[in-house]
Amino acid sequence: MKRLVQAPNTALAHLWTAQLRAAGFDVSVQREFAGGIAGEIPVDQALPEIWIMNEDRYTSARQVLEDLQNLPHRRWHCPGCGELVEGPFDQCWNCGADRPGAFL
Ligand SMILES: [Zn+2]
């Protein structure tokens, strides 16, 4: 059993866990209720964690998590210059054009 990731909140921990399980990974949420005593222990030790049972699958589980964190709509082709823009950007890094649908 190995710690996969620390989630910023319980809701996200459960979302990631559900999606990892759907992808076939045996994972569990740890310290889910530690938030209740936040203030008595350091904040970074009060956050929920996701642990994977089979350490051999750690790397592929991390890849799934990274895909989850890079939401599909954050990968787009610039209408101005055709660049592929990845990450949390609403403007093209190359020419400054707005992301299609950015203001919808
Ligand atoms: Zn552009």
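Let's start with a pair of residues facing each other: Gln 30 stands opposite Glu 49 in strand β3. Strands here are DSSP runs of E with at least two residues, helices are runs of H or I with at least four residues, and both are numbered from the N terminus. Before we go on, keep in mind that this is a predicted model, where local features need pLDDT of at least 70, side-chain atom pairs count only at pLDDT 80 or more, and totals for chains, interfaces and linings use all residues. Residues are numbered from 1 along each chain as its sequence is written.

How far can you trust the picture? The predictor gives each residue a confidence called pLDDT, from 0 to 100. The average for the protein is 84, and 82% of the residues score at least 70. Strand β4 (residues 75-77) has the lowest confidence, with a mean of 84, while β3 has the highest, at 96. Where pLDDT is low, the predicted coordinates should not be read in detail.

Now for the overall plan. The protein has two helices and five strands, and along the sequence they follow the pattern β-α-β-β-α-β-β. Strand β3 has partners on record in two pairings: β1 and β3 pair in the antiparallel sense over four bridges, and β2 and β3 also pair in the antiparallel sense over four bridges. (Two strands pair if DSSP finds at least two bridges between them.) In the β1 pairing, Lys 2 stands opposite Ile 52 in β3. Across from β3 you can also look at Ser 28, which sits in strand β2. Ser 28 and Trp 51 are 23 residues apart in sequence, but 5.4 Å apart in space, C-alpha to C-alpha.

Next, which residues are hidden and which are not? A residue is buried if 20 or more other C-beta atoms lie within 10 Å of its own, exposed if 12 or fewer, and partly exposed in between, with C-beta atoms placed from the backbone. Of the protein's 104 residues, 14% count as buried. Ser 28 has 15 other C-beta atoms within 10 Å, so it is partly exposed. Strand β3 shows two faces: Ile 50 and Ile 52 are on the covered one, Glu 49 and Trp 51 on the uncovered one. In a regular strand the side chains alternate between the two faces of the sheet.

Helix α1 has two sides as well. Let's check its length to begin with: its 13 residues (10-22) should span 18 Å at 1.5 Å a residue, and the end C-alpha atoms are 18 Å apart, which agrees. (The expected span is 1.5 Å times one less than the number of residues.) Ala 13, Trp 16, Thr 17 and Leu 20 are buried in α1. These residues cover an arc of only 105° around the axis, so they are on the same side of α1. The arc is taken from the directions from the helix axis to the C-beta atoms. Ala 11, Ala 18 and Ala 22 are exposed on the other side of α1. The cover over the buried residues includes β2 (27-30), β3 (49-52) and α2 (58-69). Just after α1, Gly 24 takes a positive phi of about 100°.

Where do the buried nonpolar residues gather? The largest nonpolar core has twelve residues, among them Leu 4, Ala 13, Phe 25, Ile 50 and Ala 61. The elements giving two or more residues to this core are β1 (2-6), α1 and β3, and the largest share, three residues, comes from α1. A nonpolar core is a set of buried Ala, Val, Leu, Ile, Met, Phe, Trp, Tyr and Cys residues joined through C-beta atoms within 7 Å.

Zoom in on Ala 13, which lies in helix α1. Ala 13 is buried because 22 other C-beta atoms lie within 10 Å. Ala 13 and Ile 50 are 37 residues apart in sequence, yet 6.8 Å apart in space, C-alpha to C-alpha. Leaving out residues up to four places away in sequence, Ala 13 touches Ala 7, Val 29, Glu 32, Pro 48 and Ile 50. Contact means that the two C-beta atoms, placed from the backbone, lie within 7 Å.

Pro 48, one of those contacts, is in the loop between β2 and β3. Pro 48 counts as buried because it has 23 C-beta neighbours inside 10 Å. Pro 48 and Thr 10 are 38 residues apart in sequence and 6.0 Å apart in space, C-alpha to C-alpha.
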